[in-house]
Amino acid sequence: MIKPPYHQLKIWPEFYRAVIDGRKCFEIREDDRGFAVGQLVCLQEFDHLGDGYTGRSCLVEITYLTSWAQQENHVVFGFEFTGLSKEVA
């Protein structure tokens with residue numbers, strides 16, 4: 001079981017696969033959650049063209065955070081893959 005603070009975010013299937021394959025190690029997001037280095041993020045695969053949540057998810061830890069050259073109130077966070085997860089409670 002993961003203890004807060006952590007975030008649960010939707011991620012489209014093509015981006016989820018890139019995270020799992022190790023090709024993607026960052027997210028660009030609206031900073032509406034107060035992201036911080038060291039926090040855990042549960043990326044939940046979400047099929048926006050189909051039935052919604054697929055039931056697959058993974059955990060990542062934020063290792064770097066910047067808002068440089070981003071749209072207002074947006075950040076880029078770099079992360080380290082920590083593993084697959086079925087559920088975060």
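**Exercise 1. Find what the side chain of Gln39 reaches, and decide whether Gln39 is buried or exposed.**

Step 1. Start at the side chain of Gln39, which reaches the backbone nitrogen of Ala36 at 2.9 Å. This model is predicted: local features need pLDDT of at least 70, side-chain atom pairs count only at pLDDT 80 or more, and totals for chains, interfaces and linings use all residues. Residues are numbered from 1 along each chain as its sequence is written, and side-chain values use heavy atoms, with hydrogens and water left out.

Step 2. Now look for a side-chain partner. The side chain of Gln39 makes a polar contact with the side chain of His7 at 2.7 Å. (A polar contact is a pair of N or O atoms within 3.5 Å; within protein, one must be able to donate a hydrogen and the other to accept it, and residues adjacent in sequence count only if both atoms are side-chain atoms.)

Step 3. Place the residue: Gln39 is found in the loop between strand S2 (26-30) and strand S3 (40-47). (Strands are DSSP runs of E with at least two residues, numbered from the N terminus.)

Step 4. Gln39 counts as buried because its relative accessibility is 12%. (Buried means under 20% relative accessible area, exposed over 50%, partly exposed in between, with a 1.4 Å probe and protein chains only.)

**Exercise 2. Work out how S3 and S4 pair.**

Step 1. S3 and strand S4 (residues 52-66) pair in the antiparallel sense over seven bridges. (Two strands pair if DSSP finds at least two bridges between them.)

Step 2. Follow the chain across: a hairpin of four residues joins S3 to S4.

Step 3. Pick out one bridge: Leu40 has Glu61 in S4 as its partner.

**Exercise 3. Find the salt bridge of Glu45 and say which parts it ties together.**

Step 1. The side chains of Glu45 and Arg56 meet in a salt bridge, at 2.7 Å from N to O. (A salt bridge is a side-chain nitrogen of Lys or Arg within 4 Å of a carboxyl oxygen of Asp or Glu.)

Step 2. Glu45 lies in strand S3 and Arg56 in strand S4, so the pair ties together parts that are 11 residues apart in sequence.

Step 3. Check the cover on each partner. Glu45 is buried, at 1% relative accessibility, while Arg56 is partly exposed, at 44%.

Step 4. Look at the wider picture: the whole structure holds five salt bridges. Lys24, Glu27 and Arg29 are linked in a network of them.
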